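Biologist: Can you pull the model up? I have a few quick questions about it.

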Amino acid sequence: MFVVRIPGNGGGGKGTWGKLLDTDGDTHIDRNDPNYDSGEEPYQLVGSAVCDPLDEYKRKVASIIDEYFTTGDVDLAASELRELGSFEYHPYFIKRLVSMAMDRHDKEKEMTSVLLSALYSDVISSTHIKQGFFMLLESADDLAVDILDAVEILALFIARAVVDDILPPAFVTKAKKSLSESSKGFQALQTAEKSYLSAPHHAELVERRWGGSTHITVEEVKKRISDLLREYAENGDTSEACRCIRQLGVAFFHHEVVKRALVLAMEIRASEPLILKLLKEASVEGLISSSQMVKGFSRLRESLDDLALDIPSAKSLFESLVEHAVADGWLDVSFVNSLGEGALMEAEDDEKLRRYKAEIVTIIHEYFLSDDIPELIRSLEDLGSPEYNPVFLKKLITLAMDRKNREKEMASVLLSALHIEIFSTQDIVDGFVLLLESAEDTALDILDASNELALFLARAVIDDVLAPLNLEEIGSRLPPNCNGSETVHVAQSLVAARHAGERLLRCWGGGTGWAVEDAKDKIVKLLEEYESGGVVGEACQCIRDLGMPFFNHEVVKKALVMAMEKKNDRMLDLLQECFSEGLITTNQMTKGFGRMKDGLDDLALDIPNADQKFKSYYEHAMNRGWLIPAANGDANGEADAVAMAS
């Protein structure tokens with residue numbers, strides 16, 4: 001407390017000028033005097049303790065966490081966290097939640113992982129999740145003082161977060177670069193990587209490490225959902241069905257209600273009007289959130305191929321349900337934008353698809369002859385059918401498997417380039433699913449097809465085209481015990497083996513698999529040399545000598561990073577020269593800025609003002625016409641992402 005003491009007579013102490021208008025005798029203030037001024041009254045200033053908002057936030061979230069550990073009420077915890085506001089402090093919530101659970105029993109640890117999954121995206125952003133876990137890693141040495149097995153427990157929390165898809169697998173690699181190798185945080189990451197995430201069937205191992213679900217099991221929830229939906233289909237009592245859904249107390253699992261309701265509508269056609277009525281009512285009441293509604297539709301879409309084995313018209317019925325839901329306003333129209341890729345790919349009688357297949361065979365054959373990746377990418381872009389990218393992947397690998405190791409190596413290198421340039425990870429995943437679905441047919445023509453497909457899959461993981469979790473996703477989309485599922489298991493074993501990287505990079509007897517890494521090293525070296533000597537012409541020639549114009553966005557990205565790190569804007573002069581000469585195109589410039597923006601959160605750990613610097617570089621680039629304006633952004637939408645930075 002800050003208190004200002006006033007001497008009894010209001011005058012000054014020793015060495016002061018005394019009272020204002022000092023007079024002899026006592027003074028008296030008459031409140032009845034017509035000239036009375038309340039400002040003349042003696043007063044005392046009383047201060048209060050300064051309250052740090054972050055300390056107050058930490059105190060309140062500790063109370064929320066304690067209450068959650070007592071009640072297990074996920075919805076209540078989420079609601080209280082929303083009401084608390086201060087969203088910028090969410091990383092501290094992550095840190096506090098996990099650190100409190102680390103010193104408790106397995107029940108609380110499991111509850112913590114369940115809560116994190118429930119809060120992810122809807123309440124706490126992915127960026128804040130990553131920041132919170134990094135703060136935990138930074139404080140691991142302190143945690144280890146009080147918690148003997150802190151490294152092991154923190155490793156499990158990180159592995160569980162990766163398995164639950166709330167942390168990307170790349171987080172482990174990136175975080176290790178920012179920590180001292182002697183720190184407990186670094187040890188926790190190593191343990192998570194080697195002991196859990198690289199182990200066979202690691203997802204099941206990690207999910208059950210703390211004894212599974214803390215309350216009702218997932219299987220029990222699914223059974224209750226099925227029972228209440230079937231009961232509703234018989235009695236048609238919408239209010240009772242909504243009450244039962246609410247009573248389940250698993251708002252973060254409502255996507256399962258949506259999915260099972262839609263399946264029931266397909267299985268029992270007479271129940272469709274009732275199901276649509278229930279979902280609309282649940283949406284209007286706010287019982288099922290829009291994000292859970294979209295997630296439910298998305299999960300059903302992913303399983304349509306399997307569902308079609310029992311319900312042949314599943315795909316057309318699903319499309320009809322989507323149209324109805326969007327028209328009624330309880331399904332976000334954005335869902336339609338991603339609808340129907342699978343149907344297009346499977347429509348063999350579609351004239352456009354037939355023409356596309358004929359043209360890509362020619363393009364692939366020309367690539368095998370010329371080894372010209374930029375030309376192939378230009379040809380694909382000219383076709384203007386990005387929705388068929390998975391079909392291209394399937395055809396590329398099928399043709400390569402029927403050729404020699406040279407073409408197989410070229411196919412793997414091409415996949416890396418396509419992933420960097422124009423293919424999304426989902427395109428790659430969908431393409432491998434198409435391949436593995438037809439694995440039995442392929443084996444009729446190619447004797448060793450299963451092993452070669454496993455090598456292509458494993459090589460894609462080593463080349464960072466796919467993440468290890470993508471293999472699980474691919475496997476989950478295939479029927480159990482089929483040839484394709486077995487191929488995925490073989491690929492997972494290959495990736496998990498010791499020294500897998502070196503062996504798989506040379507699996508086709510080549511060495512070109514190092515091309516991307518070599519290019520990155522050369523880019524860094526030429527930029528460092530330019531930063532030291534400052535000869536623009538020589539740097540431009542080195543970029544030209546790389547012979548990888550489709551990879552020039554990496555030059556842009558690394559130049560911007562180096563400009564930040566070295567606090568030297570000379571790199572912008574180099575980019576200006578490259579742009580003026582046509583060495584780096586507008587498309588590559590835009591892509592480079594987009595990649596830079598995507599990595600800003602990680603970069604900010606080392607360069608605190610990275611965001612402000614990026615904005616200034618972006619404005620500089622826009623003023624000089626380097627970038628594609630947002631309104632005319634490319635198909636990947638990266639220009640829009642960059643534009644948002646301003």
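What follows is a short chat about this structure.

Modeller: Before you start, keep in mind that this is a predicted model.

Biologist: Fine. How many helices and strands are there in the protein?

Modeller: The protein has 37 helices and zero strands.

Biologist: And what share of the residues counts as buried?

Modeller: Of the 646 residues, 44% are buried.

Biologist: What about contacts with a separation of 6 or more: how much of that comes from residues 24 or more positions apart?

Modeller: Those pairs account for 75% of such contacts in the protein.

Biologist: Let's move to helix 24 and helix 27. At what angle do their axes cross?

Modeller: Roughly 45 degrees. Helix 24 covers residues 425–437 and helix 27 covers residues 468–476, and their axes come within 10 Å. That angle is why helix 24 counts as oblique to helix 27.

Biologist: Is that crossing left-handed or right-handed?

Modeller: The crossing of helix 24 and helix 27 is right-handed.

Biologist: Which residues make the contact?

Modeller: Helix 24 brings T425, Q426, V429, F432, V433 and L436. From helix 27 come N470, E473 and I474.

Biologist: How do the residues of that contact divide into nonpolar, polar and charged?

Modeller: Five are nonpolar, three are polar and one is charged.

Biologist: New topic. How many disulfides does a search of the whole structure find?

Modeller: Zero.

Biologist: Take C242. Why is there no bond to the closest cysteine sulfur?

Modeller: The closest cysteine sulfur is in C244, and at 9.4 Å from the sulfur of C242 it is too far for a bond. A disulfide here needs the sulfur atoms within 2.5 Å.

Biologist: Is C242 buried or exposed?

Modeller: C242 is buried, because its relative accessibility is 2%.

Biologist: And C542: how far away is the nearest cysteine sulfur?

Modeller: It is 9.3 Å away, in C540, and C542 is in no disulfide. As for accessibility, C542 is partly exposed, with a relative accessible area of 30%.

Biologist: Last one, S485. Where is S485 found?

Modeller: S485 is in helix 28, which covers residues 483–496.

Biologist: Buried or exposed, that S485?

Modeller: S485 is buried, at 9% relative accessible area.

Biologist: What is S485 in contact with, leaving aside neighbours within four places in sequence?

Modeller: With those neighbours left out, S485 contacts G475, L478, P479 and P480.

Biologist: Great, thanks.

Methods. Residues are numbered from 1 along each chain as its sequence is written. This is a predicted model: local features need pLDDT of at least 70, side-chain atom pairs count only at pLDDT 80 or more; totals for chains, interfaces and linings use all residues. Side-chain values use heavy atoms; hydrogens and water are left out. Axes are lines fitted to C-alpha atoms, for helices over the stretch in contact, and angles run from 0 to 180 degrees between N-to-C directions. Helices (H or I, at least four residues) and strands (E, at least two) are DSSP runs, numbered from the N terminus. Angles under 35 degrees count as roughly parallel, over 145 as roughly antiparallel, 65 to 115 as roughly perpendicular and the rest as oblique. A crossing is left-handed if the near helix is turned anticlockwise from the far one by less than a right angle, and right-handed if clockwise. Contact means heavy atoms within 4.5 Å. Ala, Val, Leu, Ile, Met, Phe, Trp, Tyr, Cys and Pro count as nonpolar, Asp, Glu, Lys and Arg as charged, and the others, Gly among them, as polar. Buried means under 20% relative accessible area, exposed over 50%, partly exposed in between (1.4 Å probe, protein chains only).
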